[in-house]
Amino acid sequence: MALDSGPRPPSPELHSGLTAAEVAERIARGDQNRVLRSDWAEYLALVVRNLFTLFNLLVAPAAAALFLLGEYGDAVAVSGMALTNLLLGLVQEVRAKRHLDRLTLLTETRVRVLRDGQIQVVPSGDVVRDDVVLLSAGDTVVADGTVLEAHFLEVDEALLTGESEPVPRQAGERLLSGSFCVAGEGAYRAEGVGVHSITARITAEARSYRYSASPIQHSINRLLIVLTAAAIVLCLGYGVFYGLGEVSRTHLWKMIAATITSMVPQGLVVMATFAFVLGAVRMSRRGALVQVLSAVESMASIDTLCMDKTGTLTTNRLHLEKLLVLDDEAPEEGVRERLRLFASASPDHSNKNIAALRAALGPLPSSSWRGGQGEVELLDQVPFKSQNRYSAVRVRHGGSEYVLVLGACEALEKRCLGSFSTKRSQASSLAGLRVLLFAEAVDPPQRPFAGSLEGFVLRPLALVALADELRPEARHVLEELASQGIRFKILSGDHADTVRALLAPLAADTDAPAVRALTETPVVSGDELQTASDPTELILTRCVFGRVSPTQKAQIIAVLKKQGHRVAMIGDGVNDVLSIKNAHLGIAMGDGAAASKTVAGIVLETNNFDLLPETLDEGRAILRNLYRAGKVFLVKNVFTLVLIVGGLGVFGLPFPYLPRQVTLLNFLTIGVPTFLIMLNRQRASPITAAHFLREVGSFALRTGVVIGLAGLLLLWLSHHVWQHDENTQRTLLLSLLVLLGLTTLLRALSDSERWGLSLAGAAGRWVAAALPLYLIVMYWQPVGSFFALTPLTLEQWAAVLWIVCGSCLILWFADAHIHHPSRLVR
């Protein structure tokens, strides 16, 4: 095989791998690298989790008691509400499970195995015990095993051990699944597969569906516990009234059922699951594969986007632009031949720089890996890795031995003869290109490299200038993201001058300050960051970082997070794995290294950078809609508490409504409208779960108290002044709650909360439809009788409307005082 023809084939010393029959035998025994899961067991767990909720455990006894007492209407209404919540929850979780199961098949890591003497590419889950698995730079180790062959093999185990330095591995040493190859090549025998590999099991569990509450779901669960506790306290109070003979048994269970269904917002939990599943499905259809549902929430809160330059902002299609010879005594053709020799012999077959050189210079004729009939023999090598930023080979060619090196100028200039900085000044014409130094060792020591060039003196031969191009959509994407309030950090391994020149077209004639800042602030090099007295200040105030190592990228992410920023990291290479893993939201490019896609929350499978604004915008719209739904849900809990405590405990009024009336109220003002809210796709600004309790709680508290007091006033007038019967009192109250509930919906749809009432979208149109529907229910005798409604007269409607208008006026003043107090002062 020619030196330049791709990844090294397995050496003859390796056997031919397993046969097809041996593979089938191991699959039959279950010796496969796939943690077998029972779909039935998962579906059963899903049903149990949704069936045995606290809400259902409270409402089921009340519904059963109402059936036994012959109150079939209320019993049907209560049990119907519980059943609806159950079915909606099951449907959404089944959708989530099916989505992630399908995603597992799409994104599963592919590996090369040796079977029947041939290299085959199979999903990592299809690897069986004793398979010979081949490794090259960027590949993930998918099973625990023993190294069979190593050619300068180095693996990164940081995700397992936290050790940031790559670890060399030799034949006979152990590899751990979850690590990944950063340099060299090799092969290992898969021994710990499936359940026998801890990391494989963890990965399988992460990719399979499981319920894992996101931060906002934790906030909702905390609210649920508080409101449920309040409902239980009220129900215990009813028990005291029953013990004192104040209420009948039938009335007791009606009060309990009505309190539970109006105080416990179980539907909000269902709505949160629906929101995240909806967002994941929408984005996956566009090519942004959501691997973890909580990533949908993370997208909504991002305010800082960190990006690797190569393969993210650029196309990563490098080509040789120019070769600038530095040695006056060396003819350019001779330098090109040496460079071709280096590129052909280099072990970095997946390295984009080496691939560009091979494509430009062509193959080296009549060569082989171990001499044989050819002219070239590879004796030793140092594979490229981010930690040293160079690659070296020792080759024997035509009876002579050469040590050839290619790498970053900064990494090699201290080993060069003469004043390399003077020669480097000739490179002023190479601005904006990736410039690498090509050099040859002078009188190289006759000893192995041992992973470095320590003790080697280099003679610069040429500057190799490689050109990459910005993605055509890069500027538009950054401007779109900037309009969403996102700031940028460019984290590149390239030289600062190269990064600055490449970014210049992005910032030219743009109105987006966040994009202009990429060229307006000085570029920080990795060395500057390392020696800075206050690296935090540099990280916070600068936007572009060049020649940074993988560890420094992770450091930048950590500092931004510590300072309260919500950080996303997008990259495609092995050197981005740690930063992608540590960011609040990790995003990997579809054609990136397998290791980067394994740890990412989202994979841009189509490699379309233009999806990024849509993806983040979708997450924000989903979370903003969840905020709106939360406001609508929780207002009812507050005013119910006010009505029950004030009505029963203070004014001695009848219980405010029947269980079946709660069902009607939920349907008109909460259930349908919040479902329609979740379908809205209006753009929203960055928000986080930390704001959920403050924003939603403040809205629900002031709105619920005003509505509750308005309801108490109406009930008191109806009971003591107008002396209506209980059905009329409850009808008046329900009419008030429906009208104020619809105005609450409009206010929730208007994010500014300044009464810029919005009728956009299906939820807004529902407001116009809900009132006529309520009137039909009230005045159509069969339905009105079921809900125990009394048709109201015009005078009664007038009384309701006066109180509604007064309540709206109070809420307007309350909103204005909270959001614009200065206006009230003026």
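**Exercise 1.** State which residue of strand E13 stands opposite Val393, and describe how strand E12 pairs with strand E13.

*Solution.* In this predicted model, Val393 stands opposite Leu404 in E13. Next, consider the two strands as wholes: E12 covers residues 390-397, and E13 covers residues 400-408. They are antiparallel to each other and are joined over 8 bridges. Finally, examine the link between them. E12 and E13 form a hairpin with 2 residues between them, and Gly398 in the turn has a positive phi of about 60 degrees.

**Exercise 2.** Identify the residue of E12 that stands opposite Gln381, and describe the pairing of strand E11 with E12.

*Solution.* Gln381 stands opposite Val393 in E12. A further pair is given by Val376, whose bridge partner in E12 is His397. Strand E11 spans residues 376-382 and pairs with E12 over 6 bridges, in the antiparallel sense. As a last step, consider the covering of E12: 6 of its 8 residues are buried, so the strand is mostly covered.

**Exercise 3.** In what order do the strands of the open sheet of 6 strands lie, and which strands form its edges?

*Solution.* The order is E10-E15-E14-E13-E12-E11, and the pairing is antiparallel. The edges are strand E10 (319-325) and E11, each of which pairs on one side only. On average, neighbouring strands of this sheet are turned by 25 degrees against each other, with direction ignored. As a general principle, strands of a sheet pair through backbone hydrogen bonds, either parallel or antiparallel.

**Exercise 4.** Give the order of the open sheet of 8 strands, and describe how strand E9 is joined to strand E19.

*Solution.* The order is E8-E21-E20-E19-E9-E16-E18-E17, with mixed pairing. Strand E8 (288-290) and strand E17 (524-525) are the edge strands, each pairing on one side only. Within the sheet, E9 (residues 304-307) and E19 (residues 567-571) run parallel and are joined by 4 bridges. Thr304 stands opposite Val567 in E19. Two helices can then be added to the picture. Helix H10 (residues 294-301) lies across E8, E20 and E21, and runs at about 100 degrees to E20. Helix H21 (residues 550-562) lies across E9, E16, E18 and E19, and runs at about 160 degrees to E19.

**Exercise 5.** Compare the span of helix H12 with the expected value, and list the buried residues of H12.

*Solution.* H12 (residues 332-345) has 14 residues. From its first C-alpha to its last, the helix reaches 20 Å, close to the 20 Å expected at 1.5 Å a residue. Its buried residues are Val335, Leu339, Arg340, Leu341, Phe342, Ala343, Ser344 and Ala345.

**Exercise 6.** At what angle do helices H24 and H26 pack, and what is the handedness of their crossing?

*Solution.* H24 (residues 611-650) and H26 (residues 692-721) pack at an angle of about 40 degrees, and their axes are 7 Å apart. H24 passes H26 in a right-handed crossing. The residues of this contact divide into 17 nonpolar, 7 polar and 3 charged.

**Exercise 7.** Is Gln796 buried or exposed, and which residues does Gln796 touch?

*Solution.* Gln796 is found in helix H30 (residues 794-819). Its relative accessibility is 15%, and a residue is buried under 20%; therefore Gln796 counts as buried. Not counting residues up to four places away in sequence, Gln796 touches His724, Thr728, Leu732 and Pro791.

Note on methods:
Residues are numbered from 1 along each chain as its sequence is written. This is a predicted model: local features need pLDDT of at least 70, side-chain atom pairs count only at pLDDT 80 or more; totals for chains, interfaces and linings use all residues. Side-chain values use heavy atoms; hydrogens and water are left out. Buried means under 20% relative accessible area, exposed over 50%, partly exposed in between (1.4 Å probe, protein chains only). Two strands pair if DSSP finds at least two bridges between them. Axes are lines fitted to C-alpha atoms, for helices over the stretch in contact, and angles run from 0 to 180 degrees between N-to-C directions. The expected span of a helix is 1.5 Å times one less than its number of residues. Contact means heavy atoms within 4.5 Å. A crossing is left-handed if the near helix is turned anticlockwise from the far one by less than a right angle, and right-handed if clockwise. Ala, Val, Leu, Ile, Met, Phe, Trp, Tyr, Cys and Pro count as nonpolar, Asp, Glu, Lys and Arg as charged, and the others, Gly among them, as polar.
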